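Please find below my notes on the model, set out as numbered points. They take up the contacts with the nucleic acid, the ligand, the relation between the copies and one sheet in turn.

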There are 2 protein chains.
Amino acid sequence: MTSERSSRKGGRSRDPRGERGIPEATVARLPVYLRALTSLSDSDVSTASSEDLATAAGVNSAKLRKDLSYLGTYGTRGVGYDVNYLRYQIAREIGLTQDWSVVIIGIGNLGHALANYSGFASRGFQVTALLDSDSARVGEAVGGLKISSLDDLDAIVQDNTVAIAVIATPAEAAQEVCDRLVAAGVSSILNFAPAVLSVPGHVDVRKVDLSIELQILAYHEQRKAQGVLADLDELEAGAI
Amino acid sequence: MTSERSSRKGGRSRDPRGERGIPEATVARLPVYLRALTSLSDSDVSTASSEDLATAAGVNSAKLRKDLSYLGTYGTRGVGYDVNYLRYQIAREIGLTQDWSVVIIGIGNLGHALANYSGFASRGFQVTALLDSDSARVGEAVGGLKISSLDDLDAIVQDNTVAIAVIATPAEAAQEVCDRLVAAGVSSILNFAPAVLSVPGHVDVRKVDLSIELQILAYHEQRKAQGVLADLDELEAGAI
DNA sequence: ACGATTTTGTTCTCGCGTTCACAAACTCTT
DNA sequence: AAGAGTTTGTGAACGCGAGAACAAAATCGT
Ligand SMILES: NC(=O)c1ccc[n+]([C@@H]2O[C@H](COP(=O)([O-])OP(=O)(O)OC[C@H]3O[C@@H](n4cnc5c(N)ncnc54)[C@H](O)[C@@H]3O)[C@@H](O)[C@H]2O)c1
Ligand SMILES: NC(=O)c1ccc[n+]([C@@H]2O[C@H](COP(=O)([O-])OP(=O)(O)OC[C@H]3O[C@@H](n4cnc5c(N)ncnc54)[C@H](O)[C@@H]3O)[C@@H](O)[C@H]2O)c1
């Protein structure tokens with residue numbers, strides 16, 4: 001969706017190793033369920049039905065039940081799901097029982113916003129380094145961290161066992177930065193630059209592209225407008 | 001995708017009006033093709049084959065050809081596509097031959113970055129207003145615009161015939177802001193707040209959720225790590 | 001003029017994802 | 001204890017999207 005699909009072949013179909021895999025579409029929804037469960041838990045709700053959860057997550061309840069069924073049978077028929085128990089199970093499945101170290105490359109407009117964002121830490125993602133190639137920026141403190149030089153990348157990735165990196169550089173620099181990240185051992189990348197990244201098969205790339213989102217909205221908006229015009233034409237043609 | 005599907009029923013299947021619709025998955029890729037074409041055009045390439053374009057866009061060439069076939073038959077067999085002609089046709093189809101007026105609500109960390117971003121204007125999206133509820137922020141100039149009060153929303157939307165709004169407020173405020181936008185006549189919303197928005201059927205919502213993206217990466221990362229462990233076990237068990 | 005070559009547009013097939021619908025399993029009431 | 005009422009988990013049907021494969025259409029070389 002909305003985004004570049006993972007480069008690995010998806011699906012729950014038989015793995016070489018025989019492990020059960022969760023469908024990609026389901027993986028993308030689990031975080032939404034997690035958020036809904038956290039919200040319910042904060043309101044001291046201890047049990048919720050698939051209908052309740054589905055409403056909170058903005059999906060249809062059959063889909064939610066099927067999604068959860070890939071994790072195991074954590075519900076009780078006639079009752080529903082234990083909010084805290086299910087929350088833990090989803091968190092475990094996604095891998096949020098451990099903390100993840102994240103580095104951000106390119107501390108410009110967007111990089112600053114990301115570095116100052118508190119919503120990552122609260123979900124188990126610890127920003128451990130900020131990197132920029134601009135020597136004028138190196139040393140500057142942002143969100144409690146000092147900006148490091150890109151030359152320190154290898155050392156930083158090793159020291160913090162970083163698996164996830166965020167690219168917020170201009171598009172021209174994205175592929176080169178990406179290559180250096182991969183060489184340093186990073187195997188998951190979130191890319192904000194409007195560029196197609198090419199990576200080896202074991203590396204996952206996801207992209208966030210605001211211009212594309214706006215263009216998709218524009219397409220539908222244009223269609224709505226055309227519909228209105230067509231309706232007007234029908235009226236003028238005396239179709240009613 | 002990465003993102004909340006459009007609320008309208010998708011697909012190219014027969015419309016009540018009988019207009020041909022473009023599949024949602026194709027719509028999401030057209031902007032990528034557009035970017036690739038622009039890049040080729042800037043390098044003075046006048047003709048490109050589906051293979052060339054597919055490589056530049058990071059997709060498979062059969063998929064690209066099929067996508068383009070929904071727009072019309074703009075290629076020449078044995079030759080390829082005229083870069084500028086195709087670029088114009090895609091832009092027209094998406095609705096980029098007109099300019100779109102965009103407003104941003106919530107000018108905090110992220111809102112500032114968006115307001116300062118030049119990449120929107122260059123793709124036909126004109127940011128015409130910045131709104132915030134914090135009276136201390138109203139009047140502040142950001143990226144050549146002054147922040148307006150949320151109370152002026154109705155007037156601003158009317159004056160600029162705004163169809164598209166970007167929500168960058170905290171999650172708690174998102175639904176209320178959304179309701180006000182819809183009431184003012186906005187029918188396309190790009191939501192950055194980690195909240196499920198409920199809107200009437202004629203309004204399109206797309207969401208950009210960084211925490212979800214990171215969690216999806218974490219899931220795959222965890223799986224890779226488990227795979228390595230399993231391999232180690234096999235080794236220890238003398239499987240080789 | 002014509003065969004070889006290139007490349008598009010489209011048909012066909014397969015697999016994934018969504019949704020419906022219902023039996024199974026649990027609780028609650030009497 | 002038994003029947004009524006809930007709610008889960010899943011089998012089955014269906015539609016959309018991806019990709020392989022190929023016929024049709026254009027160019028090029030001779
Ligand atoms: N600002 C936004 O709201 C926004 C919105 C959508 C997309 N984007 C995209 O995000 C990216 C960043 O946008 P921005 O507005 O922050 O840009 P920016 O120019 O403000 O910041 C880019 C930063 O990257 C650094 N940089 C450049 N080359 C580098 C390299 N090789 N290695 C490391 N750092 C390098 C620069 O020094 C600068 O600090 C761009 O690709 C942009 O298209 C930004
Ligand atoms: N900063 C990031 O990098 C980042 C990343 C991912 C998601 N987000 C999400 O984006 C949203 C904004 O993040 P941020 O870091 O900019 O937060 P922020 O707190 O810096 O900014 C929020 C802004 O919204 C304004 N606001 C609050 N209520 C409002 C209302 N009812 N109407 C209009 N304006 C209102 C506030 O005055 C403030 O200026 C949040 O929902 C956040 O979760 C941010």
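1. A polar contact, as the term is used here, is a pair of N or O atoms within 3.5 Å; within protein, one must be able to donate a hydrogen and the other to accept it, and residues adjacent in sequence count only if both atoms are side-chain atoms. On that basis, a polar backbone atom of B:Gly78 lies 3.1 Å from a sugar or linking oxygen of DNA strand C, and an N or O atom in the side chain of B:Arg77 is 3.0 Å from a sugar or linking oxygen of that strand. A base oxygen of DNA strand C, in turn, is 3.1 Å from an N or O atom in the side chain of A:Lys66.

2. Some words on the basis of these values. This is a predicted model, in which local features need pLDDT of at least 70 and side-chain atom pairs count only at pLDDT 80 or more, whereas totals for chains, interfaces and linings use all residues; side-chain values use heavy atoms, with hydrogens and water left out. Residues are numbered from 1 along each chain as its sequence is written, while chains are lettered from A and ligands numbered from 1 in the order in which they are written.

3. There are 28 residues around DNA strand C (a residue is near a molecule or strand if one of its heavy atoms lies within 4 Å of it), and those that come nearest are A:Arg29, A:Arg77, B:Ser50, B:Arg77 and B:Tyr81. Of the strand's atoms within 4 Å of the protein, 68% belong to sugar or phosphate and the rest to bases. Among the elements that each supply at least two residues of this surface are α1 (24–42) of chain A and β2 (75–76) of chain B, and α3(A) provides the largest share, four residues; helices (H or I, at least four residues) and strands (E, at least two) are DSSP runs, numbered from the N terminus.

4. Ligand 2 lies between chains A and B, surrounded by 24 residues, of which the closest are A:Tyr117, B:Leu110, B:Asp132, B:Arg137 and B:Thr169. Polar side-chain atoms of B:Asp132 and B:Arg137 lie 2.6 Å and 2.5 Å, respectively, from an oxygen atom of ligand 2, and the side chain of A:Tyr117 has an N or O atom 2.7 Å from an oxygen atom of the ligand. The protein covers 84% of the 820 Å² of accessible area that ligand 2 has on its own (areas come from the Shrake-Rupley method with a 1.4 Å probe). With three residues, α7(B) gives the most to the shell around ligand 2.

5. Chain B can be laid on chain A with an RMSD of 0.0 Å by a turn of 180 degrees and a shift of 0.0 Å along the axis, so the two copies are related as by a two-fold rotation axis. The superposition is by least squares on the C-alpha atoms of residues with pLDDT of at least 70 in both. The copies meet through the same surface, because 100% of the interface residues of chain B are also interface residues in chain A (contact means heavy atoms within 4.5 Å).

6. In chain A, seven strands form an open sheet of mixed pairing in the order β6-β7-β5-β4-β8-β9-β10, where two strands pair if DSSP finds at least two bridges between them. The edge strands, β6 (141–142) and β10 (204–207) of chain A, each pair on one side only. Strands β4 (residues 100–105) and β5 (residues 125–132) of chain A run parallel and are joined by six bridges, with A:Val103 standing opposite A:Ala129 in β5(A).
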